[in-house]
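Here is a short tour of one protein model, written for someone who is new to reading structures. Keep the picture open while you read, and find each residue as it comes up.

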Amino acid sequence: MMLAQSEPAPASIKLLEPFTLRGVELPNRIVMSPMAMYAADEGEVNQFHLTHYHKVAMGGVGMVVVEQTAVSRRGRITNGCLGLWHDGQIEGMRRLVAGIHSFGAKAAIQINHGGRKGSAQRAWQGNGALTADDIARGEELWVPEGPSAIAFAEGWPIPDAMSLDDIARLRADFVATAQRALQAGFDVIEIHLAHGYLLQSFLTPLANKREDIYGGSLEKRMRLPLEIAEDLRSALPESVPIIARISATDWVEGGWTLDDSVVLAAELKSRGIDLIDCSSGGNLLRGATNASLARGPGYQVPFADRIRNEVGVPTMAVGMIHSGAQAEQILQEGKADLIAIGRRMLFDPFWALHAVHEMGLDDDFVRWPKPYGWWLEKWARSVMTTPQTPE
Ligand SMILES: Cc1cc2nc3c(=O)[nH]c(=O)nc-3n(C[C@H](O)[C@H](O)[C@H](O)COP(=O)(O)O)c2cc1C
């Protein structure tokens, strides 16, 4: 018996319209943005991950994007990253996906190599380079790898500059990881091309100082990410959507720009990438907040808008999108196709159901899991009709 998402009324807003990516139909346009929890041990899914993702799926999203997941052990950002670098990690992911599907949501996974930002503290233990105290607590330190032997910031490890053999191995790791993800039942693969991790560090001139075929001009800096897009497209079935999260800009003079992103998005599209997920930043020590950047509601939406409408590729908007009304307006104005929500879903795992309810579209709670909705509908009516206690 399907307990979740009982026969919702026909969608009257775009946010609730289904969206098709190749052979996959998302039941609505609300997506949980990938958010690394750094709560794993040796890359394995545990009870925390199951509860964390399943409660959001129960909360009515159309798709969950599981956090950045390492394609190799050395490609972890921290000791707590999820991984799919060996077959033994598939079973935990299978349980994760099965639970997401049980609530009617689709499951995507963001596959990643941490690059020169690897060998770091778990965010909630400092979010910096590992310290002697961390190592004394049992955290493992390793030498990360990157396009060039340039540390992410002062005090961070100097990465090994990747050889051509390393790059060939990396390409195989991305393909093998995506194939494991499909074995686990994931519907959609997201390539992490953002936030200063390995693939974005090849794109940006801030990190990539190579003088071979993978560095220099924009074309050469795009080469590795595009090769990986091609590898994945040819290795995965036609029906499987592949999407890419990009940093639309580094927010730094001399860094990666929105114009570069427009070029990249067109190249990705021509290689069969189905949607561009438009984030930004990640090459500054404190993320984008260090730059002279006005952050406000929907501050990254213009990136999704320009790429969608100039390149003609579907986009996902993300970043400080707070309400259902704000999300709906972005879709209505044709600025994006999907809306990703991050921190609001940590604050409120039922954000999707609440957003729709607050828009007055689900007063009878039919979108809620039946065992909740049956009671909530009566409760709401009784709250409305119960005489208030006189003051
Ligand atoms: C705890 C946390 C972990 C994150 N981890 C990832 C990640 O794994 N991959 C990624 O692309 N972005 C990651 N992000 C960025 C979010 O996906 C999102 O783009 C960002 O939080 C802005 O959206 P928001 O304002 O709705 O939170 C993370 C953000 C947070 C708060």
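## Glu 333 and its partner

This is a predicted model, and we can start with Glu 333, which is partly exposed at a relative accessible area of 41%. What does its side chain meet? The side chain of Glu 333 joins that of Lys 335 in a salt bridge, with N and O 2.9 Å apart. Lys 335 is partly exposed too, at 26% relative accessibility. That label fits because partly exposed covers the range between under 20%, which is buried, and over 50%, which is exposed.

Salt bridges can also share partners: Arg 74, Glu 145, Asp 160, Asp 166, Arg 169 and Asp 173 are joined this way into one network. How many salt bridges are there by this rule? The count is 30. The general idea is simple: side chains of opposite charge can pair when their charged atoms come close.

## Arg 73, a residue with two partners

Now look for Arg 73. One salt bridge pairs Arg 73 with Glu 42, and the closest N and O atoms are 2.7 Å apart. These two residues come from distant parts of the chain, 31 residues apart: Arg 73 sits in the loop between strand E4 (63-70) and strand E5 (82-83), while Glu 42 sits in the loop between strand E3 (30-32) and helix H1 (47-58). Are they buried or exposed? Arg 73 is partly exposed, with a relative accessible area of 30%, and Glu 42 is partly exposed as well, at 35%.

Arg 73 also forms a salt bridge with Glu 140, where the closest N and O atoms are again 2.7 Å apart. This pair links distant parts of the chain too, with their positions 67 residues apart: Glu 140 is in the loop between helix H3 (132-136) and strand E7 (145-146), and Arg 73 is in the loop between E4 and E5. Glu 140 is partly exposed, with a relative accessible area of 31%.

## Asn 79 and the backbone of Glu 140

Stay with the loop between E4 and E5, since Asn 79 lies there. What does the side chain of Asn 79 reach? It gets to the backbone oxygen of Glu 140, at 3.1 Å. So Glu 140 turns up twice in this part of the story: its backbone oxygen is reached by Asn 79, and it forms a salt bridge with Arg 73.

Asn 79 is buried, with a relative accessible area of 8%. Glu 140, in contrast, counts as partly exposed at 31%.

## The largest pocket

Next, find the largest pocket, which has a volume of about 1400 Å³. It is lined by 49 residues, and the closest to its centre are Asn 127, His 195, Tyr 197, Arg 295 and Arg 343. What kinds of residues make up the lining? There are 22 nonpolar, 20 polar and 7 charged ones.

Which elements contribute? Strand E13 (338-341) and helix H10 (343-347) each supply at least two residues of the lining. The largest share comes from H10, with 4 residues.

## Two positive phi angles

His 195 deserves a second look. It lies in the loop between strand E9 (188-193) and helix H5 (198-203), and its phi is near 65 degrees, a positive value in a residue other than glycine. Most residues other than glycine have a negative phi. At 18% relative accessibility, His 195 counts as buried, because the cut-off for buried is under 20%.

Arg 22 has a positive phi as well, near 45 degrees. You'll find Arg 22 in the loop between strand E1 (19-21) and strand E2 (24-26). Arg 22 is partly exposed, at 30% relative accessibility.

## Glu 377 and the cysteines

Glu 377 has its place in helix H12 (residues 370-385). At 18% relative accessibility, Glu 377 counts as buried. How far is its C-alpha atom from that of Phe 365? The separation is 5.8 Å, for two residues that are 12 residues apart along the chain.

Last stop: the cysteines. A disulfide is a covalent bond between the sulfur atoms of two cysteines. A search of the whole structure turns up 0 disulfides. Cys 81 is buried, with a relative accessible area of 0%, and Cys 278 is also buried, at 0%.

Methods:
Residues are numbered from 1 along each chain as its sequence is written. This is a predicted model: local features need pLDDT of at least 70, side-chain atom pairs count only at pLDDT 80 or more; totals for chains, interfaces and linings use all residues. Side-chain values use heavy atoms; hydrogens and water are left out. A disulfide is a pair of cysteine sulfur atoms within 2.5 Å. Buried means under 20% relative accessible area, exposed over 50%, partly exposed in between (1.4 Å probe, protein chains only). A salt bridge is a side-chain nitrogen of Lys or Arg within 4 Å of a carboxyl oxygen of Asp or Glu. On a 1 Å grid over the protein atoms alone, a cavity is a set of points where a 1.4 Å probe fits but cannot get out, and a pocket is an open set with protein on both sides within 12 Å along at least five of seven lines; lining residues have an atom within 4 Å of a point. Grid points are joined across faces, edges and corners, and a volume is the space filled by probe spheres set on the points. Ala, Val, Leu, Ile, Met, Phe, Trp, Tyr, Cys and Pro count as nonpolar, Asp, Glu, Lys and Arg as charged, and the others, Gly among them, as polar. A polar contact is a pair of N or O atoms within 3.5 Å; within protein, one must be able to donate a hydrogen and the other to accept it, and residues adjacent in sequence count only if both atoms are side-chain atoms.
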